[in-house]
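Could you walk me through this fold in the viewer, one selection at a time? I would like to know what to pick next and what I should find there.

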Amino acid sequence: MALATGGGTAMAQQAAAVKTDTIPLKYGAHRTGNRNDAEMERWRDYGLGQFIHWGVYAIPGGHWEGKSYNGAAEWIRSWGGNGAPANWKETYDNLYKQFNPTDFDAKKWAKQAKAMGAKYLIFTTKHHDGFCLWPSKYTEYTIKNTPYKKDIVKQVVDAYNAEGIDVYLYFSIIDWNHPGYRSAAPKTEKDSLAYEDFKQFTKNQLLELLERYPTTKGFWFDGTWDQAWIKQAGFTDALEKELRKIHPGLIIGSRFRADENGKRHFDSNNKLMGDYEQGWERKLPASYDVVAGRDWDCVMTIPPNQWGYNSDWKSSYVKTASDLSQMLMQAVSMNGNLVINFGPDGKGNIRPEEGNIAQQLGQWVSQSGEAIYGTRYAGLPKPDYGYYTKKGQQLFLTVFNQPVNKVLRLAIPRDYADEPKQVTVAGKKLEVKRIDMGMDRDKNLYYDVILPNDFNPKQPYVITIDMEKANKKQSTFGDAKT
Ligand code: FHN
């Protein structure tokens, strides 16, 4: 954009300079981030979600004819080189003819998810291999042509909705099965025509999904990093607008599209390109300032990097329910949702290890829900004991590190609006007192919460701190002039 010229005022020049810094974009961020409608508020209240990766890849489960695929099990179709079984791609592309998950019971999954405390589900309608778990009319590579035949997406949506769990549809743009799909940006006319066909197919499938499953709350897009897709800024921008128009309230994260300069997640002006930041995968932000002011989710595997079913979990560290409960509180304390992945086997069973985690985590979550659901970042420094969350004038401290002296010392900045009035643990009142810490330049006030001597919980616990408007008079130390 042109700079203002001539002798304008200093302010006008400054404004012009600011304008100059903004890159004009046709396909940048929409007014998406920081949405304040009811759907988005509901999303913020979830806290905990379940991810399910399920498809044909669950049949090999990371292994075939005694050989092991050295990658994420849902990627097994891309197995190549000397280590791969002969004619592997052909074998894989015919595996759907064996897909017959006779043990699949969507109601059982949904009940388990509910008991775990999940408020929403992200379900793989189609992963990179292109196999559709719904009977799409735009391809033959669907559940309809397996021995199982029945629409799996519908069963899942209905069962989870019946348990009060919202459903989001995972959809991979990468589709190894479609003849028009390209990874590199098309260079020849033939490639371009093929890719146009693929784009239309993708659009058709997305519209089809919304039509078939009207209770869908959002799409969770994936496989959008290929140059071919990145170059489609005009198309993807229009498509996103269309999806939002026909399905008001639809929630879409930052992984769907790129702007005209190829920027993903954040456009060339650093604006979030979606309703929430969708880049946190298997890793949580280290501190609030990294995600400050934005909505975000983190999708988490139980083993290090397996989303689809892998029959061998022995060779790597498998997270425990305690690991996950801590991650959950870490996420929620920074305004994020944690989404824990499950990978059912080829028959439709959720493996016992995942079942145990769901049960143990659910047991803990059911006692700690007030600190998880509907809470927000508390605006306080992170305490060493655990994590703060907040709802209205109630503050929650979820304690993971029990102090040996049985005193929880709360540091509350002097300029924080509220201060502790009453503190309880499991409904029992605890003694709390503001303490004199001596003189220094510290910006905090300190409150000691005294835990009973015989209080030795085996699990992390939540203390509830009812706050009241801070007594500013009291918080000004006459002697704190150093
Ligand atoms: O390649 C996929 C992977 O298989 C899995 O689906 C994850 C889930 O977030 N997403 C992709 C990698 O970012």
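Here is a tour of two sheets and the helices that pack on them, in a model that is predicted.

**Stop 1: the parallel sheet.** Begin by colouring the 8 strands that make up an open sheet with parallel pairing. Going across, you pass S7, S6, S5, S4, S1, S10, S9 and S8, in that order. Now pick out the two ends: S7 (251-252) and S8 (277-281) are the edge strands, and each has a single partner strand, so one side of each is without a neighbour in the sheet.

**Stop 2: a strand pair inside it.** Select residues 120-126 for S4 and residues 166-172 for S5; these two strands pair in the parallel sense, with 6 bridges between them. For a landmark, show Lys126 and look across to S5, where Phe171 stands opposite.

**Stop 3: helices on this sheet.** Add residues 152-162, which are helix H5. H5 lies across S1 (48-52), S4 and S5, and its direction is at about 175 degrees to that of S4. Next add H10, residues 321-333, which also packs on the sheet. H10 touches S1, S9 (296-300) and S10 (336-342), and makes about 150 degrees with the direction of S10.

**Stop 4: two helices together.** Hide the strands for a moment and select H4 (residues 106-116) with H11 (residues 352-372). Their axes are 7 Å apart and meet at an angle of about 40 degrees, which means that H4 is oblique to H11. Which residues make the contact? From H4, show Gln112, Ala115 and Met116; from H11, show Gly355, Ala358, Leu361, Gly362 and Val365. Colour them by type and you will find 5 nonpolar and 3 polar residues, with no charged ones.

**Stop 5: the antiparallel sheet.** Bring the strands back and move to the open sheet of 7 strands, whose pairing is antiparallel. Its order is S11, S12, S17, S14, S15, S16 and S13. At the edges are S11 (386-391) and S13 (407-413), each pairing on one side only. Look along the sheet to see the turn from strand to strand: neighbours are rotated by 30 degrees on average, direction ignored.

**Stop 6: the S11 edge.** Zoom in on S11 and S12 (residues 394-399), which run antiparallel and are joined by 6 bridges. Label Gly386, then find its bridge partner in S12, Val399.

**Last stop: back to H10.** Keep S11 and S12 on screen and show H10 again. What angle does H10 make with S11? The helix lies across S11 and S12, running at about 45 degrees to S11.

How values were computed: Residues are numbered from 1 along each chain as its sequence is written. This is a predicted model: local features need pLDDT of at least 70, side-chain atom pairs count only at pLDDT 80 or more; totals for chains, interfaces and linings use all residues. Side-chain values use heavy atoms; hydrogens and water are left out. Two strands pair if DSSP finds at least two bridges between them. Helices (H or I, at least four residues) and strands (E, at least two) are DSSP runs, numbered from the N terminus. Contact means heavy atoms within 4.5 Å. Axes are lines fitted to C-alpha atoms, for helices over the stretch in contact, and angles run from 0 to 180 degrees between N-to-C directions. Angles under 35 degrees count as roughly parallel, over 145 as roughly antiparallel, 65 to 115 as roughly perpendicular and the rest as oblique. Ala, Val, Leu, Ile, Met, Phe, Trp, Tyr, Cys and Pro count as nonpolar, Asp, Glu, Lys and Arg as charged, and the others, Gly among them, as polar.
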